[in-house]
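Student: I would like to understand how the words used for a structure follow from the values behind them. Could we go through some of them slowly?

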Amino acid sequence: MLALFIRDLKLGVRAGGGALVGLLFYLAVVAVIPFGVGPDLNLLARIGPAILWIGALLAALLGLDRLFQADREDGALDLVIIARDRHMLALTVFVKCLAHWTASVLPLVIAAPLLGLFMNMTPVGIGAATLTLAAGTPAITFIGAVGAAVAVALPRGGLLVSVLILPFVIPVLIFGVSAAYGAVNDPDPFWPPFLILSALTLFFAVLGPVAAGAALKGGTD
Amino acid sequence: MSETQTLPDAKAGWFTRLANPTRFIALADRLIPWLLGLAGVLLATGLYMSFTAPEDYQQGITVQIMYIHVPFAWLSMMCYTVMAISSIGTLVWRHPLADVSAKAAAPIGAVFTFLALFTGSVWGKPMWGTWWVWDARLTSVFVLFLMYLGIIALTRAMDDPAKAARAAAIVTLVGFINIPIIKFSVDWWNTLHQPAAVFRMGGPTIDPSMLWPLMIMAVAFTVLFFALHFMAMRTEIWRRRVIAMRRIAARRADA
């Protein structure tokens, strides 16, 4: 399993610059917002956490179709499914999700503080936004694995994955943004939404790989 | 597809016997006229009672929208439940009709959800002065509508009906598990961002003079849903037969 993690991590970082494209997309989305809403620094500081979250969500969804696509093209996915008696399929998918998150989504979390500066956020706000992103984005990858597994056989699956998955990640977005706001705005709490966000990540870490494994098994008869 | 499979009648239960599409079509042919007739009678009664029901002392005539709005909203949820049960049928029992049932229910559910949103919007304009508010209830129904559309898009995107059914079944079930989470989180989000509630649905308890037409309309639309569902399933089976026959004909033409 560790070997699979390292292999997927290497492939994710090297092949095709997928992680870099996701990062650039994130940068571009966040940079476009001030052109749309105007350069008012107070307004940007107020909507900053939401912008960081929406940008990260879109960038994470963008890279999701690559989760199983490359493995399907070179046949590795079939080997993984055949070997499901030795290695539980859900566990394999879980490790693949972790590797995908480390390669493509973790750079987004690391870039978030820099983009937070562009948004004129306070240091506490930047810290809170980064922390919530680090805790919440794995949930997007785990639940996104279901969409990626279902649409792996489709030629233009990428857009469909985003459409299918977006309703499911609304809770993650809600609790992530409210925790990020809660750290800055005094009356609002930080810990309750943050803990629920972590609970969502753990819940999806179970539900996502199991459902994705079932979808992969069903899709390759 | 196990279209031609025949089962021994005496041993198999009625549920398994229905796995034979021909038997199901025979049953549907017998049931549909009755269901449609019953739905028609109930709808006529319900509509008559709705129009003669007393007007609300605050909302006036616009309260009549409730008699169609509430059944639509109830059906939008019931239809998703039917789809989730069908999905379990697809994944666990591999019941051939479960695929058909889930596929046929999705567009009907999407239409009922859209109608619930639309009638709610028409009702909201005179009552709250706006077509749309980001209230928790409205938002979760809207998310449900998006989920219906996503599932329909997924089903349409795949050529092989059996594979499409399994993929859609998994997404439907994941969605079914997620609905309570989405509902809860949207409630949280709404109370956090606009503490003063825009309106209260449950407000005063409903008077029996309004409750009766509402109940009859709800039953009428439920019967109508099942009639439409049976018709859609029958159509889907016929469509698959036509496709299978075309393939056989094409193979014969080659030889």
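Tutor: We shall take the terms one by one, bearing in mind that this is a predicted model.

Student: Then how do you know how confident the prediction is for chain A, and where is confidence lowest and highest?

Tutor: The mean pLDDT of chain A is 85, on a scale from 0 to 100, and 98% of its residues reach 70 or more. Within chain A, confidence is lowest in helix α1 (residues 2-14), at a mean of 77, and highest in α7(A), at 91. Where pLDDT is low, the predicted coordinates should not be read in detail.

Student: Why are α7(A) and α8(A) called roughly antiparallel?

Tutor: Helix α7 (residues 123-150) of chain A and helix α8 (residues 157-184) of chain A pack at an angle of about 160°, their axes being 9 Å apart. Angles over 145 degrees count as roughly antiparallel, and therefore α7(A) and α8(A) are roughly antiparallel to each other. The crossing in which α7(A) passes α8(A) is right-handed, and their contact has 18 nonpolar, 6 polar and no charged residues.

Student: What makes α3(A) and α6(A) roughly antiparallel?

Tutor: For helix α3 (residues 41-62) of chain A and helix α6 (residues 89-118) of chain A, the packing angle is about 155°, and the axes lie 11 Å apart. With the cut-off at over 145 degrees, α3(A) and α6(A) are therefore roughly antiparallel to each other. α3(A) passes α6(A) in a right-handed crossing.

Student: Which residues meet there, and how do they divide by class?

Tutor: From α3(A) come Gly48(A), Leu52(A), Ala56(A), Ala59(A) and Ala60(A), and these meet Val105(A), Leu108(A), Ala112(A), Leu115(A) and Gly116(A) in α6(A). By class there are 8 nonpolar, 2 polar and no charged residues in this contact; Gly counts as polar.

Student: What does UniProt say about chain A, and how much of those spans is helix?

Tutor: An unreviewed UniProt entry places the feature "transmembrane region" at several spans of chain A, including residues 93-118 and 159-184. In the model, residues 93-118 of chain A are 100% helix, with their end C-alpha atoms 36 Å apart. Residues 159-184 of chain A are 100% helix too, and their end C-alpha atoms lie 35 Å apart.

Student: Lastly, how many residues does each chain bring to the contact between chain A and chain B, and which helix of chain B gives the most?

Tutor: Chain B brings 23 residues and chain A brings 20 residues. On the side of chain B that touches chain A, α5 (136-157) and α6 (161-193) of chain B each supply at least two residues, and α6(B) gives the most, with 15 residues. That side of chain B divides into 17 nonpolar, 4 polar and 2 charged residues.

Notes. Residues numbered from 1 in each chain as written. Chains lettered and ligands numbered in written order. Predicted model: local features only at pLDDT ≥ 70, side-chain atom pairs only at ≥ 80, totals over all residues. Contact = placed C-beta atoms within 7 Å. Helix = DSSP H or I, 4+ residues; strand = E, 2+ residues; numbered from the N terminus. Axes fitted to C-alpha atoms, helices over the stretch in contact; angles between N-to-C directions. Parallel < 35°, antiparallel > 145°, perpendicular 65-115°, else oblique. Left-handed = near helix turned anticlockwise from the far one by under 90°. UniProt positions renumbered as here; feature names shortened; annotations may be inferred.
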